[in-house]
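Hi,

Here is the structure I said I would pass on to you. Have a look at it first, and then read my notes underneath.

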Amino acid sequence: MGYNTGHFMPGSNTSAWLEYSRVNAVRFFARFEDWCPDEAFDPGAGISAIDDFDAAKEELRRSPEDNRFLDWELLHEVFEHHVYSNTNFYRLNYQLAELRRLGITPIIEAAQLRWNSPWSGLWQQWQKHYALTYHLPPTYDVERFNFINEPDHPSAAKDIVDQRVYVRGLQIASDAVRCAIADVNQRYGKHLRALVHAPVITHVSSSRGNDHMDADPDADARDDEYGWGEISLRNLRTDYHGVPVDYDIFNVFDTHHYNKTAGVYAYEFAMMRQRMREYTPTGTELPIVYSEFNRRNTSAFETSGDDLNTPMIYCDLARIWGEAVTAQAEGMITFKFQNTMRANGIPYGTGCYYVEHGGVYDIHGATKAAEVNRLFAKGFAGEQRGLLRATTGDGRTVPVSRDQRTRCHHLWLPHPSGSPAGDVSLDLSGLDLSGGQVVVEEVGPTYSGGITTIAPLPADGRITLAQPADAVWLVTVADPGESRSYEASADSSVIQGGPPSIGAQQSLAVALDPSGSSAVSYLAFDLGGGPAARRAVLEVHGSSTDGGPLTVMVYAMTDTSWAGRELTWESAPYLDSGAVRPASVGDRLHPAGQLTATGATGPARLDVTDALRHGPGRSLGFLLIRERKRAEDTADDGPRLELAGRADPGSAARPRLHLYS
């Protein structure tokens, strides 16, 4: 589960927000025009036939790192220092090093439209695929590679003039990837797989039928006889010599889709698997990945009047995730991570996280759709999850995962957009969860991923919950275990233009006030000893001052040395006081989630389990801040979140951290 990434520059907070998103894969474009300049490769003089091609390939492979074909000195300079310049700004080695550190699988979209070429040109393309692939696995363990992005798109027709050119290109590129991975394994003692994704087409079905899986006699004559999916599958075991082989030349069936609802995806999964059984030489069902998808594409967002905060959009995306996990997709890669700037000067409407369009391209917050994706990843991403089923009282089938590591079951419950609020009855008696705790996290008009319900699961395993309209739920049922709670050991509320803050606070404030009285609050918890916690929940009590819901961002802190010191707006730690933004995100601060309080005084809770890995062991801190995600984010300017501090006379209202082991 992942994103197509955008900017990824050294010194930015991109890694911190990727980690927050909980994805386990990313896809990014690596054009050969950037990473494999022509001057670093043999131009192919004398390569005029397939035998010449084979002889040169054999010579290069005998000494991959020291041969007359590849200028590794130039390539290593480019890989380390060049900044990719086509919409998404990143350095290759830096991005891959960060992904490896985070445990995120990269999918590389590396290609150049030069396949309608003589053997000399094909030899250069083989070298480029080989060299980039050979560079990546020794240090970064990269295994997954797309071949060409959307060859069925009309814009590719100037090079992919017919399917013969496409198939030959797939065969040659696949061979280069397989050879490079094999040579890395042999030289470096690794055991990596070569996983080629194809055909990476724009779609496999539409209202007109199964185009482009099957033949599509329309204005584009290239697929009049065979669909792009079909021609790829029929050549699954044919190499570039035109000879049958005993291995698959690509390993994952990869496609894209936009502007469709969940029911279309359910249809497509079944259809693609049926076609694979029919079209492949072995009757094989390949794993399926949608390496680009979203509820709308870029142009549709620009004209629709909605965005990734619109209930219809994020509810439909949530239902697509449900169909994908039910169909056991190999992967789903959302386009895209950040709302980077398009060539027309309009940010990508498909971008789930708000990025600053300058500097090092820092991220400043998440959309509702991003929070839906994060909750789904929390419950279902990863191969270690067991997939189960449950049904609701109204007959809906609900995907359920079992995470043995955290001893939790997760249920995915998106409310159909446009449907009224209503009760959801769950019968979980068959899962043997007696004594468990039910936790509901919600993305909806009011909440952005915070906890709305914590309740014990009745002994009979049956529970009824009231789900608001346009609400997406991740319901977690945690196994019974020990719990312990800690009152905040220190707190501080710092107000712009206000007096210094020192000692225990009776009340805390959070606000973004353009008039000059913004406020942020800090919390610290002394955790002492005790067994390792598998879950953590931050709980505060209070309300917003204007009677409506107010959502603020919570960052986990690795440094609580501020505790007990006098703090002013100018001396507050990790605060850009002029912009009212956090500083050192990804270094000393880490995104923990969005906390929502309503107009009625009461508890506001947030799952902060991920923050535990950033704490030094005995203490953990939090910064609560209302930051502007983008220039247009002004709707909540002015209202204040007022919370009870650790000096509040009612002990039950004081900030607490609940740990569950």
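Below is what turned up, starting with a pair of helices and moving on to the empty spaces.

One thing to keep in mind as you read: this is a predicted model.

**The helix pair**

Start with α11 (residues 311-326) and α12 (residues 368-380): their axes come within 9 Å and cross at roughly 25 degrees. Angles under 35 degrees count as roughly parallel, so that is the label for α11 and α12. The crossing of α11 past α12 is right-handed. On the α11 side, the contact is made by Y314, L317, A318, W321, G322 and V325. From α12 come K368, A369, V372, N373, F376 and F380. By class, the residues of this contact are nine nonpolar, two polar and one charged.

**The pockets**

Now for the open spaces. The largest pocket has a volume of about 1300 Å³. It is lined by 38 residues, and F29, N149, E150, H153 and E292 are the closest to its centre. Both β6 (252-258) and α10 (298-304) supply at least two residues of that lining. The lining of the largest pocket has 19 polar residues, along with 11 nonpolar and eight charged.

The second largest pocket comes in at about 920 Å³. Of its 37 lining residues, M1, N24, E330, G382 and E383 are the closest to the centre. You will meet the helix pair again here, since α11 and α12 are among the elements that each supply at least two residues of the lining, as are β8 (331-335) and β11 (386-391). This lining divides into 20 nonpolar, nine polar and eight charged residues.

**The cavities**

How many cavities of 30 Å³ or more does a search of the whole structure find? There are three.

The largest cavity holds about 160 Å³ of space. Its lining has 18 residues, with Y20, P591, A592, D610 and A611 nearest the centre. α12 shows up once more, as α1 (14-21), α12 and β27 (589-597) each give at least two residues to this lining. Eight of the lining residues of the largest cavity are charged, seven are nonpolar and three are polar.

The second largest cavity has a volume of about 80 Å³. Among the residues lining it are F32, H129, F145, F147 and V196. Two or more lining residues come from each of α6 (119-140), β4 (144-146) and α7 (163-188). No charged residue lines the second largest cavity; the lining is made up of eight nonpolar and four polar residues.

Cheers

Key. Residues numbered from 1 in each chain as written. Predicted model: local features only at pLDDT ≥ 70, side-chain atom pairs only at ≥ 80, totals over all residues. Heavy atoms only, no water. Axes fitted to C-alpha atoms, helices over the stretch in contact; angles between N-to-C directions. Helix = DSSP H or I, 4+ residues; strand = E, 2+ residues; numbered from the N terminus. Parallel < 35°, antiparallel > 145°, perpendicular 65-115°, else oblique. Left-handed = near helix turned anticlockwise from the far one by under 90°. Contact = heavy atoms within 4.5 Å. Nonpolar A, V, L, I, M, F, W, Y, C, P; charged D, E, K, R; others polar. 1 Å grid on protein atoms, 1.4 Å probe; cavity = no way out; pocket = protein on both sides within 12 Å on 5 of 7 lines; lining within 4 Å. Points joined across faces, edges and corners; volume = space filled by probe spheres on them.
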